[in-house]
Amino acid sequence: MYRQIFVSPVGDLTLTIPKSWYGQKIEVIAFPVDEPFNASNSSALTSGKVIENRKKREENSKKYAVSFRSLGYKFNREEANNYDE
């Protein structure tokens, strides 16, 4: 996945894709971000608060992670697609 936030001062925008994607089908989705991007706010992206929240989120993800394979779960495609029952 490739994600980049653009700020276009005019209506035109040029997008450059990685060379490894050449010849492949790609999907481009564009939508406005909730908050307008300010260069003065870009330092907030690396602030201690953001880093601290990211660490907490990663710790919680590890704490509550479940391995379905260890529980003996195996996905059954036939059962999943059986809408008649």
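E52 is partly exposed, at 39% relative accessibility. The model that holds this residue is predicted. K56 is partly exposed as well, with a relative accessibility of 46%. Both values fall between the 20% limit for buried residues and the 50% limit for exposed ones. The side chains of E52 and K56 form a salt bridge, with an N to O distance of 3.4 Å. Side chains of opposite charge can pair when their charged atoms come close. Here the contact counts as a salt bridge because a Lys nitrogen within 4 Å of a Glu carboxyl oxygen meets the cut-off. Helix α1 contains both E52 and K56. The two residues are 4 positions apart, about one turn of the helix. The structure has 1 salt bridge in total.

The chain as a whole has 2 helices and 0 strands. Helix α1 spans residues 48-63. Of the 85 residues in the chain, 0% are buried. The accessible surface of the chain is about 9100 Å². Carbon and sulfur atoms account for 53% of that surface.

A nonpolar patch also lies on the surface. Its area is about 550 Å². Y2, F6, L13, L15, I26 and V28 make up the patch. Y2 is located in the segment before α1. The relative accessible area of Y2 is 39%, so this residue is partly exposed. That value also satisfies the patch criterion, because patch residues need over 30% relative accessible area.

How values were computed: Residues numbered from 1 in each chain as written. Predicted model: local features only at pLDDT ≥ 70, side-chain atom pairs only at ≥ 80, totals over all residues. Heavy atoms only, no water. Buried < 20%, exposed > 50% of the residue type's maximum accessible area, 1.4 Å probe, protein only. Areas by Shrake-Rupley, 256 points an atom, 1.4 Å probe, with all protein chains shown as cover. Patch = residues over 30% accessible without salt bridge, like charges linked within 9 Å, V, L, I, M, F, W, Y side chains within 5 Å.
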